[in-house]
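Welcome! Please work through these short exercises with the structure open beside you, and try each task before reading its solution.

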Amino acid sequence: ADKFVDLVEALLMYVLGPREDMSTVSIDHLVTLCRYLADDSIPLPQSYKIGRQGATSPESSTSPDVGVGSSRTSSTPSSSEELELWWPILLGLSKTVGDRRPNIRIKGLVTLLAIINQHFFATSGQPKTSALGELQTLQLIFRGILTPTLEHADTSVSSAGGKLPLPDGFIRFMTRGVAALDMTKGGRKERIEGEGMESGNNWLDTTFDHLMDGAIALALKTIEVYNDDVLVEEVLAMFNTCLVSDSANLAIRGLKRLYHFVANDLVLEDITENTWATVSHMLRRCLAVSGLPFNPETNGDVTLNSEIISDFLQEEQLLPQRRYIGSNAASIIGLLLTDQQIVESMGKEWYLFLYAGLGMGIRTWDKAAEIVDMHPIQSGGSRLVISPPQYAENSLYARKWMVRLLTKLIAGKDMVFRESSTSDKKCKTLLKDEFESLVNAYLKKEVVTSNEDASPGQVLEIEYMTKMVCNLIEGIAELDSADLSNIKLLTPTLSACIQINDRTVRTAVHKLLQRIFKMGDEASM
């Protein structure tokens with residue numbers, strides 16, 4: 001056994017060596033060794049065999065080829081000895097997935113997935129009693145082999161073409177979406193960003209999707225073979241590794257692939273509540289701001305103090321590119337909440353959780369924007385290759401999604417509440433909180449833009465927010481008397497809109513309030 005492991009390590013040295021042809025041949029030799037381990041006709045110590053045939057046969061217990069003490073009475077692998085010869089091969093191939101050479105990392109990944117599929121799933125003649133053991137082995141492979149491949153990868157900005165993607169419709173009114181080094185080259189950058197990212201031979205473009213596709217295929221195969229979705233949790237753990245990574249590139253790719261996993265790969269009717277809980281918490285966590293307190297049970301209201309501000313500024317200096325993650329997470333949440341089939345699958349609880357989470361993210365970004373206004377963050381010279389979006393830009397983008405959702409809610413077209421949107425208690429509370437949040441933020445920003453030293457970006461921001469407030473007020477005004485009377489709790493917030501300087505907003509609010517007060521007078525008569 002020791003010589004076998006030495007042979008594997010020697011081949012892996014050639015795999016990681018400079019000569020690509022020798023690396024390719026060495027990977028093929030590793031495949032040959034796997035066939036050797038899997039061949040029952042070759043007399044190896046039974047403790048080194050994957051238990052493909054369940055319980056050990058009586059003949060094998062007395063065979064001279066099997067060492068003393070190696071007989072097995074259990075059909076389930078019970079210790080790491082089962083993988084003692086397999087593990088060096090699997091671990092070595094997982095490291096090749098991070099190789100700097102595209103051909104080698106793709107070949108290493110394809111080989112690794114093929115070995116797992118061929119040798120670590122139950123065969124048709126295998127007793128069902130061995131299924132638990134093999135599921136445990138597959139879980140070990142996910143945790144010890146597949147997930148660590150994400151750590152071996154080069155996912156830096158420079159390796160991904162120097163550009164990070166923003167969701168479609170993202171509006172840059174404070175920052176430039178070009179590298180600081182390229183600003184002197186001329187050209188006009190569009191304010192509205194489209195989705196896209198330069199492609200090439202970097203790891204994310206050539207390997208990430210293949211890795212996640214392979215891991216997801218293993219999970220789906222497990223559901224088919226064992227009728228158990230235990231590996232779905234392992235796939236979500238891989239996605240979580242992406243989302244919490246310091247690499248904004250990897251986090252954004254993980255977000256987009258997570259959405260595809262939920263919306264397309266899994267059968268929506270079969271997704272469990274635990275899976276939706278995990279996905280919802282992962283997405284909501286992506287809306288948090290490093291350095292600011294995060295509590296999913298709050299509405300995102302943060303009381304600033306010197307310690308919080310100091311922590312926030314330090315995080316921003318270290319990881320400014322994580323600002324890209326928030327807007328992409330808001331986009332994914334918006335897509336989930338506007339898909340009828342997905343909403344039916346997740347249920348009311350997690351629908352409201354994500355809905356409220358989007359509002360919490362907006363308020364948190366507003367706080368971060370306040371800090372940035374008080375303490376402008378230095379770019380750090382040439383250390384920053386790109387210009388990250390400001391938190392105020394993230395907040396405006398998320399508000400576009402929020403206003404779209406609230407407009408449907410008011411009109412009785414919400415995918416969960418439908419016609420009961422103005423009578424359901426939770427729905428009315430949600431509407432009140434988010435409408436009040438929008439109006440309060442609007443009033444604060446309007447005070448800033450009323451000053452003569454307001455920047456063009458701040459003026460543009462208030463123009464967009466004016467349209468949002470007008471859209472919501474128009475939606476409320478279109479309600480019939482019965483529905484309007486159900487949401488009288490909005491009256492204080494509507495009254496605050498009278499302070500808005502924009503004449504269009506004031507006129508619309510005045511007419512709406514007159515109607516509400518008239519209804520109150522008629523009811524009291």
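**Exercise 1.** Leaving aside its neighbours within four places in sequence, which residues is F261 in contact with?

*Solution.* Keep in mind that this is a predicted model. Setting the sequence neighbours within four places aside, F261 is in contact with I216, V232, V235, L236, F239 and L266. Next, look at the wider setting: the largest nonpolar core has 154 residues, and F261, I89 and L258 touch the most other members. Helix α14 (residues 340-374) gives this core its largest share, 16 residues.

**Exercise 2.** Check whether the span of helix α13 agrees with its number of residues.

*Solution.* Start with the count: α13 covers residues 323-337, which makes 15 residues. At 1.5 Å a residue, the expected span is 21 Å. The end C-alpha atoms are 22 Å apart, which agrees. As a last step, turn to burial: 14 of the 15 residues of α13 are buried, so the rest of the structure largely encloses this helix.

**Exercise 3.** Describe the surroundings of T207, beginning with its helix.

*Solution.* First, place T207 in helix α8, residues 203-226. Its relative accessibility is 0%, and buried means under 20%, so T207 counts as buried. Then list its contacts beyond the neighbours within four places in sequence: V97, R105, I106 and L109. With R105, the T207 side chain also forms a side-chain polar contact of 2.9 Å.

**Exercise 4.** Is C34 buried or exposed?

*Solution.* C34 has a relative accessible area of 1%, so C34 is buried. C242 counts as buried too, at 0% relative accessibility. Finally, a search of the whole structure for disulfides finds 0.

Notes:
Residues are numbered from 1 along each chain as its sequence is written. This is a predicted model: local features need pLDDT of at least 70, side-chain atom pairs count only at pLDDT 80 or more; totals for chains, interfaces and linings use all residues. Side-chain values use heavy atoms; hydrogens and water are left out. Helices (H or I, at least four residues) and strands (E, at least two) are DSSP runs, numbered from the N terminus. The expected span of a helix is 1.5 Å times one less than its number of residues. Buried means under 20% relative accessible area, exposed over 50%, partly exposed in between (1.4 Å probe, protein chains only). A disulfide is a pair of cysteine sulfur atoms within 2.5 Å. A polar contact is a pair of N or O atoms within 3.5 Å; within protein, one must be able to donate a hydrogen and the other to accept it, and residues adjacent in sequence count only if both atoms are side-chain atoms. Contact means heavy atoms within 4.5 Å. A nonpolar core is a set of buried Ala, Val, Leu, Ile, Met, Phe, Trp, Tyr and Cys residues joined through side-chain atoms within 4.5 Å.
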